[in-house]
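Hello,

Here is the structure I promised to hand over. Please look through it first; my notes follow below.

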Amino acid sequence: MVFNTATTIIFGADGYIGWPLALHLGARDNDKIVMVDNFSTRKLVKSVKSDTLIPILSMKERLNTYTKQTGKKNLVFVEADIQDPRSVDRIIAKFKPDSLVHLAQQRSAPFSMVDQEHILYTELNNISTNINILFSMIRHVPHAHLLKMGSMGEYGTPGIEITEGDLELTRKGKTAKVMFPRMGQSWYHLSKIFDTYNVAMANRVYNIAATDVMQGVVFGTRVDEITNDAFATRFDFDSIWGTVINKYVVQAVLLNKLLIYGKGRQKRGFLSLYDSINCLTLLHDHPAETGQYRVVNQLDEIFDTIQLAEKVQKIGREFGVETEMEFVENPRVEREDNEYEVQHSILPSLGFKREKEMEDVLREIFEDVLKNKKRAASMKKLIYPTVYWRTATAMQVKDFAMPRSLMNTKREK
Ligand SMILES: NC(=O)c1ccc[n+]([C@@H]2O[C@H](COP(=O)([O-])OP(=O)(O)OC[C@H]3O[C@@H](n4cnc5c(N)ncnc54)[C@H](O)[C@@H]3O)[C@@H](O)[C@H]2O)c1
């Protein structure tokens with residue numbers, strides 16, 4: 001019997017979200033999953049003298065283990081820098097995917113704020129990877145679906161409910177639909193905003209079907225398919241690459257402290273890694289219609305950073321980890337007591353349900369961090385903030401030199 005199989009390309013498949021997504025889509029049926037990455041996150045995290053707290057295998061080892069355990073060979077890896085339009089074009093022309101997932105970006109806000117060189121890298125990388133995918137898609141697979149990962153941070157904190165899709169605006173008695181304002185507060189978030197406009201433009205002009213997912217902050221170490229250490233996904237915890245909940249657990253274990261930025265009343269939306277993968281899978285399986293540009297907001301819950309710290313304190317106690325809150329100068333420029341209301345109804349309408357409660361995911365993070373406590377101890381000094389939004393004005397900050405191999409420009413002799 002012959003089964004029809006589909007092909008999906010995941011750009012950024014070595015990453016925190018990309019690897020579990022590839023595992024999840026690969027393991028569930030026989031569809032071909034083409035994974036593309038240039039390992040830049042591995043290099044960039046090392047450039048600030050940090051590393052993933054949970055050790056991860058090389059892509060070759062990951063795929064060997066996958067084939068041994070599942071007996072399948074439907075995950076295919078291509079190493080490529082998708083800033084290079086020719087590489088992207090070759091990959092898309094060769095595999096003719098039905099679906100493309102774009103996660104391949106420099107995704108740290110503090111990293112993008114280090115200095116001018118890091119701003120340039122972030123914006124050039126993120127904008128060009130997106131445009132390269134859009135144009136090769138238009139040339140070779142104009143009917144495929146693009147699932148592009150945006151960020152809730154694109155909206156900033158506008159003080160009114162954030163709509164899912166366009167905002168209705170009335171002026172001088174006339175009403176129009178306009179894109180919801182985007183006021184992100186880092187150069188990284190600005191790069192995501194440019195992406196949003198570029199995807200919407202490609203939709204208007206070339207009619208491509210695209211879903212732009214605005215995800216909140218992701219936390220956690222596991223998904224259902226991460227059944228052993230060989231399948232672990234990266235876990236960043238330092239002040240530059242870590243995200244708040246993941247960082248808190250490491251701070252608790254190593255310092256018995258939780259670092260609160262400023263007043264700690266900044267509210268944001270959060271979701272677990274399980275739900276990030278489930279949401280992307282659901283949107284992959286229910287693509288935007290032909291010619292549709294669909295914006296989807298995803299978050300499970302909204303908390304301020306003190307409320308989150310209280311949750312971490314509570315679960316920490318179950319593991320014998322006592323913590324106190326330490327208030328530190330906020331390195332970011334942001335409102336510290338914002339309102340936050342977000343419309344998010346598309347995913348529930350497709351049947352999305354939260355897989356695990358935050359407290360259960362926190363328990364898993366504590367287990368995994370405690371298991372790697374020794375390894376973490378050697379990186380303790382990376383926990384306190386080092387990149388301050390307002391002071392990062394130098395052309396280049398020596399301590400955090402960008403790896404030359406990732407810069408396109410040649411240095412003057
Ligand atoms: N982690 C979060 O909390 C979160 C929240 C919302 C949105 N996002 C978005 O989700 C996406 C994935 O995030 P993540 O946390 O998995 O980050 P990550 O850094 O772990 O993964 C990104 C992957 O893309 C690769 N990549 C980057 N530039 C590339 C290039 N030029 N060519 C080839 N590969 C390249 C990196 O090597 C890395 O493996 C990003 O777009 C990010 O902005 C993440």
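**Helix H8 and the ligand site**

Asparagine 256 comes right after H8 and has a positive phi, near 55°. Helices here are DSSP runs of H or I with at least four residues, strands are runs of E with at least two, and both are numbered from the N terminus.

Before the rest, some ground rules. This is a predicted model, in which local features need pLDDT of at least 70 and side-chain atom pairs count only at pLDDT 80 or more, while totals for chains, interfaces and linings use all residues. Residues are numbered from 1 along each chain as its sequence is written, and side-chain values use heavy atoms, with hydrogens and water left out.

**The helix**

H8 covers residues 244–255, 12 in number. From first C-alpha to last it reaches 15 Å, close to the 16 Å expected (1.5 Å times one less than the number of residues). 11 of its 12 residues are buried, so H8 is largely enclosed by the rest of the structure. Buried means under 20% relative accessible area, with exposed over 50% and partly exposed in between (1.4 Å probe, protein chains only). Among the buried ones are Val244, Tyr248 and Leu254. What do they pack against? The partners are strands S9, S10 (257–261) and S11 (267–272), plus helices H10 (305–318), H12 (358–371) and H13 (373–377). Contact means heavy atoms within 4.5 Å.

Glutamine 251 sits in H8. Its relative accessibility is 4%, so it counts as buried. The glutamine 251 side chain reaches the backbone nitrogen of leucine 259 at 2.9 Å. Leaving out residues up to four places away in sequence, glutamine 251 touches Asn256, Lys257, Leu258, Leu259 and Ile383.

**The ligand**

30 residues surround the ligand (a heavy atom within 4 Å). The closest are Asp37, Thr41, Arg107, Tyr188 and Lys192. The shell divides into 11 nonpolar, 13 polar and six charged residues. Gly counts as polar in that split. H2 (40–47), H6 (116–140), S5 (145–151), H7 (187–206) and S9 (217–219) each supply at least two shell residues.

Now the polar contacts (here, N or O pairs within 3.5 Å). A side-chain N or O atom of lysine 192 is 2.8 Å from a ligand oxygen. A backbone N or O atom of isoleucine 82 lies 3.0 Å from a ligand nitrogen. A polar backbone atom of glycine 15 is 3.2 Å from a ligand oxygen. Taken alone, the ligand exposes 820 Å², and the protein buries 97% of that (Shrake-Rupley method, 1.4 Å probe).

Best wishes

Terms used: A polar contact is a pair of N or O atoms within 3.5 Å; within protein, one must be able to donate a hydrogen and the other to accept it, and residues adjacent in sequence count only if both atoms are side-chain atoms.
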